Amino acid sequence: MRLKVNVLEHLLGKGWQIMPAGGATGEAYQAKYEDQTLFLKRNSSPFLAVLSAEGIVPKLLWTKRLGNGDVITAQKWLNGRELKASEMNNDAVGRLLGRIHGSSELLDMLKRLGKKPLTPELIIDEIEANIQSEQECPPKIKEAVSYLKMQKNVIHHDKKVVCHCDVNHNNWMVSETNELFLIDWDGAMIADPALDLGLLLYWYIPRDNWAQWLSVYGVDLTVDLQRRMHWYIVAQTIQSVFWHGQRKQDAEKEYWYNFLKQILRESYYIN
């Protein structure tokens, strides 16, 4: 059930101007009073407090529990903008993602919240469940799943970190004072860092710049990392095809299916 404006008005008191802040869930609001502006959201994860303390999201100001058990969080409103796709090659993006993946505080908090590591086996199980719900499975999806199964042991990686899992440029915000934030952490998981890296590099970074971008992030571009990034981008692209197909978004589904065909060809050149 969506958060009602009158509930927020009662919570904040008189004089506040409250309006939806966008987003598909209808759970986020902007609240203004004189020179104060807040970003309000219902039932954000307790993870938000650690993200705020680490400077990864705009500052968390307070948390309040309603009588029905819902929790409202208020963050400092960010006067800024989303990063453009062309700006994802900036060093600041690599440095911030490297800091996120290297944070033991973030990892400890997700573990305390009961998050279990996302393994290749779990990803394959989810994909196969999607296939079973479809009337027919396109040939390239079948080929891609066979590839994932064949490579799942080769790409095993012991070090698991906090992954955002949706490092789309729309989730990177830069403030008027040039502070960079990564927002929308509802889908965060404990996983191989290659999950985030593969998506970001394949989507936004020219191949010739991969080694330089990763050096700023903090690792070398090894064959092992290439294999792992490729595995995860194939898996994520399959899931994108299903996601858009289930919503009858045919143009987007076709785009990701063509992208899948393109990246599958690369599997023959990574050795």
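**Exercise 1. Find how the side chains of D224 and R228 meet, and place both residues in the predicted model.**

Step 1. The side chains of D224 and R228 form a salt bridge, with 2.9 Å from N to O. Side chains of opposite charge can pair when their charged atoms come close.

Step 2. Both D224 and R228 belong to helix α9, which covers residues 223-246. They are four residues apart, about one turn of the helix. An α-helix has 3.6 residues a turn, so residues three or four places apart point the same way.

Step 3. D224 is partly exposed, at a relative accessible area of 31%. R228 is buried, at 6%; the limit for buried is under 20%.

Step 4. The pair belongs to a network of salt bridges that links D192, D224 and R228.

**Exercise 2. Compare the span of α9 with the span expected from its 24 residues, then describe how covered the helix is.**

Step 1. At 1.5 Å a residue, the 24 residues of α9 should span 34 Å.

Step 2. The C-alpha atoms at the ends of α9 are 35 Å apart, which agrees with the expected value.

Step 3. Of the 24 residues in α9, 17 are buried, so the helix is mostly covered.

Step 4. Just after α9 comes K248, with a positive phi of about 60°.

**Exercise 3. How many salt bridges does the structure hold? Work through the pairs E128 with K149 and R81 with E87.**

Step 1. The total is nine salt bridges.

Step 2. In the pair of E128 and K149, the closest N and O atoms are 2.4 Å apart. E128 lies in helix α5 (residues 120-133) and K149 in helix α6 (residues 139-151), so this salt bridge ties together parts that are 21 residues apart in sequence.

Step 3. E128 is partly exposed, with a relative accessible area of 25%. K149 is partly exposed too, with 39%.

Step 4. In the pair of R81 and E87, the closest N and O atoms are 2.8 Å apart. R81 is partly exposed, with a relative accessible area of 38%, whereas E87 is buried, with 16%.

**Exercise 4. Give the strand order of the open sheet of five strands and follow its pairings.**

Step 1. The order is β1-β2-β3-β5-β4, and the pairing is antiparallel. The edge strands, each paired on one side only, are β1 (17-20) and β4 (60-65). From one strand to the next, the twist averages 25°.

Step 2. Strands of a sheet pair through backbone hydrogen bonds, either parallel or antiparallel. Here β1 and β2 (residues 28-33) run antiparallel and are joined by four bridges. One of the bridge pairs is M19 with Q30 in β2.

Step 3. Six bridges join β2 to β3 (residues 36-42), again antiparallel. K32 has T37 in β3 as its bridge partner. The two strands form a hairpin with two residues between them, and E34 in the turn has a positive phi of about 55°.

Step 4. β3 is joined to β5 by five bridges, with the strands antiparallel. The bridge partner of K41 in β5 is T73.

**Exercise 5. Where is Q75 found, and is Q75 buried or exposed?**

Step 1. Q75 is part of strand β5, residues 71-76.

Step 2. Its relative accessible area is 8%, so Q75 is buried, the limit being under 20%.

Step 3. A polar atom of the Q75 side chain lies 2.9 Å from the backbone oxygen of P58.

Step 4. Leaving aside neighbours within four places in sequence, Q75 is in contact with several residues, including T37, L38, F39, L48 and V57. P58, K59, L60 and L61 are also among them.

**Exercise 6. Describe the open sheet of three strands and the helix that packs on it.**

Step 1. The strand order is β6-β8-β9, with antiparallel pairing. β6 (80-82) and β9 (180-182) stand at the edges, so each has one side without a neighbour in the sheet. Direction ignored, neighbouring strands are turned by 25° against each other on average.

Step 2. Three bridges pair β6 with β8 (residues 172-175) in the antiparallel sense. G80 stands opposite S175 in β8.

Step 3. Helix α3 (residues 91-101) packs on this sheet and touches β8 and β9. The direction of α3 makes about 50° with that of β9.

Definitions and conventions. Residues numbered from 1 in each chain as written. Predicted model: local features only at pLDDT ≥ 70, side-chain atom pairs only at ≥ 80, totals over all residues. Heavy atoms only, no water. Pairing = 2+ DSSP bridges. Axes fitted to C-alpha atoms, helices over the stretch in contact; angles between N-to-C directions. Salt bridge = Lys/Arg side-chain N within 4 Å of Asp/Glu carboxyl O. Buried < 20%, exposed > 50% of the residue type's maximum accessible area, 1.4 Å probe, protein only. Polar contact = N/O pair within 3.5 Å; in protein donor to acceptor, adjacent residues only side chain to side chain. Contact = heavy atoms within 4.5 Å. Expected span 1.5 Å × (residues − 1).
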